[in-house]
Amino acid sequence: MKRSRWCLVFGTVLLLVGCIADEVGGVYLLTETVDDMPSTKNHSAEVYFQAGDTWKARSSADWLAVDPSEGESGRNEIVLRTVEANHSRERRMATVTIESGGKQQLLTVWQRNEYALFDPKVYTVAAEGGEVEMSFTSNVAKDSLLISYIPQEWIGWEGDTSKAGGTRAAVWNGRVRKLVVQPNPERTDRSASFLLVMYGEKWRTLYQVLDTAWVHQLGRP
């Protein structure tokens with residue numbers, strides 16, 4: 001009895017989706033907006049929709065590819081792929097048009113601007129302390145990147161006795177500067193967050209925070 005009821009409900013949902021697809025123009029978008037695609041090339045996102053007839057899809061921008069670009073009626077999936085990196089300071093928008101039965105629906109796609117990403121984003125240190133080598137990838141010019149954190153007594157950049165809260169990525173020349181973590185005398189864990197920040201000609205003019213990483217130290221046993 002339960003199985004029959006489930007089948008009835010599932011069938012009703014499919015029927016309603018098909019009817020909606022006809023009412024809104026032959027296409028019912030299950031995904032209406034793709035937001036925050038990274039600035040990198042070859043990043044992809046899946047989009048799902050219901051088509052009442054054969055369909056075609058096209059992108060309004062050269063930096064965004066659609067695959068496949070056509071198909072049959074029913075529930076479908078297309079993959080959106082960035083074919084160019086966004087090397088501007090503004091995120092950009094494209095639209096994907098999906099047409100079926102002479103009618104169409106528009107999908108909005110946003111790609112982020114310059115990027116910088118920690119990899120990994122979480123670093124775990126034992127209670128005894130030690131060193132952390134943070135790493136990141138970025139398409140931002142090195143003289144426009146700053147790594148910042150709130151100065152704390154138990155953690156700091158290698159060789160920096162002032163406990164400064166930031167260091168320019170240009171100093172690293174593409175390499176990672178070590179962090180020194182002091183022993184944790186407490187039984188409770190503690191953490192510090194680090195921000196990858198893009199800034200202007202005057203480094204105090206910050207444009208935006210691009211990514212965040214955490215150094216997590218365990219408490220003593």
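This is a short walk through the predicted model, stop by stop, with something to select at each one.

**Before you start**

The model is predicted, so local features need pLDDT of at least 70 and side-chain atom pairs count only at pLDDT 80 or more, while totals for chains, interfaces and linings use all residues. Residues are numbered from 1 along each chain as its sequence is written, and side-chain values use heavy atoms, with hydrogens and water left out.

**Stop 1: colour by confidence**

Colour by pLDDT, the predictor's confidence in each residue, from 0 to 100. The protein averages 81, and 78% of its residues reach 70 or more. Now select residues 1-24: pLDDT stays under 50 there, and the model has 10 contacts beyond four places in sequence for this stretch. Contact here means heavy atoms within 4.5 Å. Where pLDDT is low, the predicted coordinates should not be read in detail.

**Stop 2: a three-stranded sheet**

Strands here are DSSP runs (E, at least two residues), numbered from the N terminus, and two of them pair if DSSP finds at least two bridges between them. Select strands 12, 17 and 15: in that order, the 3 strands form an open antiparallel sheet. Strand 12 (130-133) and strand 15 (155-157) are the edges; each has a single partner strand, so one side of each is left without a neighbour in the sheet. From one strand to the next, the twist averages 30° (axes are lines fitted to C-alpha atoms, and angles run from 0 to 180 degrees between N-to-C directions).

Zoom in on strand 17 (residues 178-181), which pairs with strand 15 in the antiparallel sense over 3 bridges. Pick Ile155 and look across to its bridge partner in strand 17, Val181.

**Stop 3: the cores**

A nonpolar core is a set of buried Ala, Val, Leu, Ile, Met, Phe, Trp, Tyr and Cys residues joined through side-chain atoms within 4.5 Å. Buried means under 20% relative accessible area, exposed over 50%, and partly exposed in between (1.4 Å probe, protein chains only).

Show Val132, Met134, Ile155, Phe194 and Val215 as sticks: of the 22 residues in the largest nonpolar core, these touch the most other members. Strands 10, 11, 14, 15, 17, 18 and 19 each supply at least two residues of this core, and the largest share, 4 residues, comes from strand 18. Centre on Val132 next; beyond its neighbours within four places in sequence, its contacts include Tyr123, Leu179, Val181 and Val215. Another core, of 21 residues, lies apart from this one, with Leu29, Trp55, Val66 and Ala94 among its members.

**Stop 4: Ser100**

Go to Ser100 in strand 8 (residues 92-100). Ser100 is buried, at 2% relative accessible area. A polar atom of its side chain lies 3.2 Å from the backbone nitrogen of Asp53.

**Stop 5: backbone oddities**

Most residues other than glycine have a negative phi, and most peptide bonds are trans. Here are four spots to check against that.

- Asp67 and Pro68 are joined by a cis peptide bond, with omega about -5°; Pro68 is in the loop between strand 5 (64-67) and strand 6 (70-71).
- Asp119 to Pro120 is also cis, with omega near 5°, and Pro120 is in the loop between strand 10 and strand 11.
- Asp36, in strand 2 (residues 33-37), has a positive phi of about 65° and is partly exposed at 41% relative accessibility.
- Asn42 has a positive phi of about 65°, is in the loop between strand 2 and strand 3 (44-51), and counts as exposed at 53%.

Note on methods:
Polar contact = N/O pair within 3.5 Å; in protein donor to acceptor, adjacent residues only side chain to side chain.
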